[in-house]
Amino acid sequence: MRPFLYERADDVQSALRAAAPTSQTSIPPTEASAQFIAGGTLLLDLMKLDTMRPQVLVDINGLERTHGQIAATAQELRLGALVRMSQAAEHPDILRDYPLIAQSLQQAASAQLRNMASLGGNVLQRTRCQYFRDPSWPACNKRAPGTGCSALEGVNRKHAVLGINEHCIAEYPGDFGPTLAALGASVETAGPGGARSIPFERLHNGPEVPNVETVLAPGELITGFVVPAGPWTRRSVYLKVRDRQSYAFGLATAAVALDLSDGVVNEARIGLGGVAYKPWRAHDAEAVLRGKPFDEAIAHAAAEAAFAGARAHGENEYKLDLGRRTLVRALLQAAKLEI
Amino acid sequence: MVDSPRPQVMLQGAPPDDARPGIGASTSRIDGRAKVTGEARYGSDFSGGHNPAYAFLVTSAIARGRITMLDESDTRTVPGVLDILTYRNVGDRIKPGKTFDDKGYMGTTIAPLASDRVWHDGQIVAVVIADTFEAAREGAHRLKVTYAEEAPSATFDSPGLEIVSADSASREGEEPGEEKPQVGNAAQAFAAAPVKIDAFYDTPTQHHNPIELFTTTCSWSNGKLTVWESSQNVYGYQNGLAEQLGIEPSDVRIISPYIGGAFGARGSLTQRTALIAYASRRLNRPVKLEATRQQGFTIATYRAETRHRIRLGATPDGRLQALTHEGWEVSSRPDNYKVAGTDASTRLYACPNVSSEVFIVHADRNTPGFMRSPPEIPYLFALESAMDELAVALKMDPVELRRINDTQKEPIKGLPYTSRSLMQCFDAASQAFGWSRRTPEPGSMRDGDWLIGWGCATTMYPTQVAPAAARVTLTPQGSARIQSASHEIGTGIYTVVALTAADRLGIPLDKITVELGDSELPPAPVAGGSNSTASVCNVVAKACEEIRSRIARAAVTAQDSVHFGLDPASLTLTDETLQSADGRSEPLDKAFGRAAGGAMEVYAENIPHGAPPDGMKRLYRGTSSLAGGAKLKDRIQFAFGAQFVEVRVDARTREVRAPRMVGAYASGRIVNPKAAKSQLMGGQIWGISAALHEATEIDRRAARYYNDDLAEYLIPVNADIEEVQTIFVPEEDKLVNDLGIKGLGELGNVGLNAAVANAVFHATGVRIRELPIRIEKLLDAPAIRS
Ligand SMILES: Cc1cc2nc3c(=O)[nH]c(=O)nc-3n(C[C@H](O)[C@H](O)[C@H](O)COP(=O)(O)OP(=O)(O)OC[C@H]3O[C@@H](n4cnc5c(N)ncnc54)[C@H](O)[C@@H]3O)c2cc1C
Ligand code: SF4
């Protein structure tokens with residue numbers, strides 16, 4: 001851990017000012033010298049490991065007043081970036097109308113972490129790949145571009161099988177992200193160039209340049225999330241398969257929302273976690289289901305489609321199979337729900 | 001002012017404390033309040049006096065090679081950095097010491113700053129000392145170390161390993177052959193046996209991860225060194241450190257009143273302690289080190305991975321005819337650490353033909369060491385899994401298989417067990433568990449989406465007692481102080497010592513103070529091998545007996561005493577009185593006043609059966625002489641138990657959960673049933689952990705640990721543990737020691753890993769021979785339809 005300046009921001013403008021990039025050269029936001037800090041549950045960890053070395057921390061918890069609200073209307077669900085994970089997990093509107101969101105948050109991390117961690121920080125959580133987190137490993141394209149990837153032939157039981165390439169096979173570990181991807185949410189940001197809205201599915205980059213993880217610019221602040229309502233959100237499930245019953249990252253997870261009438265799938269939304277490089281939306285699997293009568297066979301077909309392009313690297317071979325089974329189980333559970 | 005109402009907290013199922021304190025009375029810990037209020041001070045709570053400096057370790061990023069460059073320039077620029085220790089300024093100024101196995105005190109002979117040589121991943125390569133922890137950490141992060149790396153050997157099947165028979169590497173004082181118990185002709189009997197099992201089993205690397213990190217604080221004053229460090233062996237640390245630093249043991253004091261978990265990790269001295277002592281001497285200032293969780297994986301010991309081949313041959317009616325147990329254990333390059341559990345595994349069942357051998361596999365790793373039930377955890381996993389496989393092959397109930405092969409004599413030398421209630425344990429546990437409702441066919445029990453499996457296994461643990469000393473002081477007011485350098489590793493030793501004194505002196509607990517964990521106190525053995533309760537309580541009872549006897553002798557010769565003329569041996573101290581068998585009694589203060597003017601102080605020593613005659617002398621030098629188990633010439637002493645587990649496996653995604661456990665244990669006299677139950681229950685839960693969760697992953701190319709933190713090194717959380725039932729089977733053993741205590745610190749976790757694997761087989765038809773049991777090993781279970 002290195003010394004840093006600590007500043008508190010009470011509103012968006014002061015946050016942006018404090019985090020304004022000091023140079024014009026483009027660097028990935030995770031490497032910018034100024035970093036926002038919300039719950040700090042990721043950032044402080046990585047700073048203590050000497051993996052992230054910001055020189056300025058801009059504390060945005062003062063924005064909780066303006067960006068800590070949850071608002072549900074008939075059209076959409078709005079979540080402020082400083083809503084805590086536990087707050088959203090327990091919100092009555094979310095529990096009723098967006099059960100998959102509540103379930104994804106309830107099953108994430110631990111009670112203490114959920115009370116501290118913000119939704120904005122959550123979607124930006126970084127991979128658990130230990131070759132990345134521990135800087136004593138020499139090769140990691142994400143931490144030290146061009147050094148190679150230690151995980152390709154190393155310990156990779158938890159690594160991704162979807163959306164990867166030979167530069168990086170890191171898994172996106174979060175649970176909330178896949179539900180946002182499934183529901184077609186968007187991210188609202190404020191930055192030096194003004195405010196913008198980004199489809200959530202496009203927030204995270206693929207592994208082409210592994211150290212550039214998102215499309216955010218340095219100093220750009222996430223202010224909130226908008227989740228469009230739809231007839232599928234109530235019949236929804238977040239299924240997390242993990243090594244222990246609680247407080248563990250998912251080996252394979254599935255965020256599933258279905259609109260069924262008379263046993264026919266009008267609409268299906270599928271997000272996958274633990275198996276992909278980024279919060280993953282399984283468009284091909286959705287297409288298999290759309291318009292078809294729902295049964296176990298079609299659930300299997302959807303799972304096949306979801307993992308058609310998946311590739312394993314040794315220890316994570318089982319994820320090809322487990323990922324499919326997880327999706328099938330989630331689909332069957334969602335279809336069975338009484339709503 | 002009205003007192004605010006206190007919340008009444010009662011642990012579900014916890015019995016209330018028994019009214020009269022004494023041996024066998026269920027009693028809440030006397031140190032419980034201090035622990036939950038933060039009053040109890042653990043090693044890391046001490047800062048060594050005023051103005052300590054802080055140390056931060058730099059550890060190696062390679063497992064084998066040499067340091068070619070150490071660039072300190074960046075570190076020196078950090079404000080507050082005071083000193084940097086490296087091999088250049090330490091070298092041979094600190095002696096490496098000898099390992100515990102080698103009649104020394106160390107967990108490893110790898111002296112980290114002795115030279116430029118790197119022996120393992122995460123070896124200490126520098127210590128940065130600064131005015132603040134933060135500056136030391138930053139300085140450490142800024143130190144640049146360059147290596148010439150050599151290809152390391154990581155683990156089993158890696159190139160470049162050296163494999164030696166443990167027998168040829170046996171320690172001083174051991175007879176060759178001790179590591180390979182054998183009898184009859186196992187090879188021939190196996191070949192001829194009608195029913196056979198021949199399989200390999202593997203257990204993974206595990207780390208203790210006690211919640212208290214590895215910390216050390218050192219301070220010098222007038223040439224005398226004081227060390228605050230959580231320790232399971234304060235006399236060992238004192239003597240070992242003196243040897244390393246070239247000073248007299250009497251100039252070293254180790255203070256360790258409370259220990260935030262140890263599990264064996266603090267039994268032998270690590271190399272860090274001498275480095276901090278040395279740093280403190282250089283700076284003439286107290287120095288405090290708090291190593292990180294990650295560093296704890298490599299600067300201390302761990303349970304190495306093991307591999308086993310078991311061959312069992314039996315008659316069709318289940319009688320064992322042949323047993324061969326071969327074990328392979330990973331150790332470091334220079335050290336011969338091994339657990340060699342064939343000692344126990346070859347003696348568990350009646351069998352006329354037995355052979356065994358243990359091999360040490362030297363790799364480029366840090367030296368492993370004791371971890372709760374060191375030999376029994378891996379060796380009984382193998383044996384008890386194989387026994388289950390044999391039961392399946394025989395189409396026999398696994399409990400019945402154990403009954404058929406039960407014995408009161410160990411098969412190697414034919415020595416009698418001092419007591420053995422294994423089948424009573426199986427019967428009690430199987431009844432409580434509902435075992436008779438089990439249908440034997442794999443996959444035949446189901447609850448909705450869950451496949452249910454029931455499994456069982458034996459646990460055994462050697463009963464060991466060691467020479468120990470204690471001082472008991474009784475005041476004229478009837479208060480007692482008990483002093484012994486034993487160790488509170490969480491097992492509740494303060495309380496059992498107090499109960500013993502209460503029992504023998506007949507005074508209430510609130511008149512007893514117990515002092516432990518300080519090398520200035522009379523010596524007690526290492527808190528290992530489950531010996532502490534037996535060793536310390538017996539010597540405390542001995543000291544109390546001397547006090548009783550002095551008081552009684554004074555009474556029977558005093559004309560004014562109601563006991564005048566009685567046999568002093570017939571008098572007891574009870575309820576703060578001196579009592580005779582016929583009910584006459586006299587207040588304690590009166591009886592005491594005749595025997596002593598002021599306080600009465602008694603120092604006692606105890607050398608148990610089988611311990612060397614110079615055991616006390618050795619103990620003062622910090623060497624514990626544990627006697628018992630399978631090492632006695634005339635008998636064998638073990639505690640036994642039966643472990644039953646229910647697992648549930650999701651039919652589709654194959655997560656394994658273990659919602660229900662029943663264990664029944666027979667372990668002689670139970671001093672404090674309440675704490676004993678917690679201890680066994682903790683063991684059962686650890687058994688689940690060992691079966692389903694724990695494993696340190698190793699990068700095979702680099703020979704480095706991968707998941708070195710508690711987010712990735714999993715242990716069960718509350719949600720994983722539902723029903724845990726712990727049953728005591730009454731057992732009296734008058735041979736093991738005067739008080740009949742067998743010890744149960746490490747009995748609860750043994751065998752559970754096998755019971756879980758056996759239950760998983762029952763649920764799925766998949767036999768897992770390599771721990772931990774994880775989803776990926778169960779996805780292909782052809783016997784089970786999704
Ligand atoms: C032991 C452990 C277990 C965990 N298990 C799980 C799990 O099972 N499932 C799961 O989903 N997560 C899990 N997590 C991750 C946890 O959910 C995240 O660490 C947390 O959500 C991050 O939120 P935060 O507010 O603390 O972020 P911070 O640490 O404050 O910030 C994280 C990053 O986001 C940036 N940032 C924060 N807010 C904003 C914003 N508004 N705009 C722009 N940038 C911002 C910061 O600069 C930083 O780079 C676990 C974490 C730990 C430590
Ligand atoms: S998987 Fe990605 S993060 Fe992990 S070592 Fe490879 S490049 Fe680095």
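The buried residues of helix H12(B) pack against five elements of chain B, namely strand E19 (468-474), strand E20 (480-483), strand E21 (512-515), helix H13 (532-556) and strand E22 (572-574). This is a predicted model, so please take what follows as a description of a prediction.

To stay with that helix: H12 of chain B runs over residues 493-505 and has 13 residues. From its first C-alpha to its last, H12(B) reaches 18 Å, close to the 18 Å expected at 1.5 Å a residue. How much of H12(B) is covered? Eleven of its 13 residues are buried, so I call the helix mostly covered, with buried taken as under 20% relative accessible area. The buried set starts with a stretch that includes B:Ile493, B:Tyr494, B:Thr495, B:Val496 and B:Val497. B:Ala498, B:Leu499, B:Thr500, B:Ala501, B:Ala502 and B:Leu505 are also buried. After the helix comes B:Gly506, and its phi is positive, near 65°.

Still in chain B, consider B:Thr764, which sits in helix H17, residues 752-764. B:Thr764 is buried, at a relative accessible area of 1%. Where does the side chain of B:Thr764 reach? One target is the backbone oxygen of B:Val760, at 2.7 Å. Another is the backbone nitrogen of B:Val766, at 3.0 Å. For a sense of the span of the chain, B:Thr764 and B:Val127 are 637 residues apart in sequence, and their C-alpha atoms are 51 Å apart in space.

Next, the interface. The contact takes 41 residues from chain A and 37 residues from chain B. Between them the two chains bury about 3,500 Å², with 49% of that on carbon and sulfur atoms. Which three residues supply more of the area that chain A buries against chain B than any other three? They are A:Gln130, A:Arg244 and A:Arg325, which supply 20% of it.

On the polar side, the rule finds six salt bridges across the interface of chain A and chain B. A salt bridge links A:Glu296 to B:Arg652, with the closest N and O atoms 3.2 Å apart. The count of residue pairs in polar contact across this interface is 19, with both residues at pLDDT 80 or more. Four elements of chain A give two or more residues to the side that touches chain B: helix H9 (130-133), strand E9 (236-241), helix H12 (296-306) and helix H13 (318-336). The largest share, eight residues, comes from H13(A).

Now chain A itself. Chain A is divided into domain 1, covering 5-61, and domain 2, covering 236-336. The centres of these two domains, taken over C-alpha atoms, are separated by 35 Å.

Two residues of chain A to finish. A:Thr51 lies in the loop between helix H2 (43-48) and strand E3 (56-59). Is A:Thr51 buried or exposed? Its relative accessible area is 14%, and because the cut-off for buried is under 20%, A:Thr51 counts as buried. Leaving out residues up to four places away in sequence, A:Thr51 touches A:Leu46, A:Phe132, A:Arg133, A:Asp134, A:Pro135 and A:Arg143.

The other residue is A:Ala89, in helix H4 of chain A, residues 85-89. A:Ala89 has 4% relative accessibility and counts as buried. With the same exclusion of residues up to four places away, A:Ala89 touches A:Leu95, A:Ala102, A:Leu105 and A:Gln106. A:Ala89 and A:Arg114 are 25 residues apart in sequence, with 8.9 Å from C-alpha to C-alpha.

Methods
Residues numbered from 1 in each chain as written. Chains lettered and ligands numbered in written order. Predicted model: local features only at pLDDT ≥ 70, side-chain atom pairs only at ≥ 80, totals over all residues. Heavy atoms only, no water. Domains from an automatic or database assignment. Expected span 1.5 Å × (residues − 1). Buried < 20%, exposed > 50% of the residue type's maximum accessible area, 1.4 Å probe, protein only. Contact = heavy atoms within 4.5 Å. Polar contact = N/O pair within 3.5 Å; in protein donor to acceptor, adjacent residues only side chain to side chain. Buried area = accessible area lost by both parts, 1.4 Å probe. Salt bridge = Lys/Arg side-chain N within 4 Å of Asp/Glu carboxyl O.
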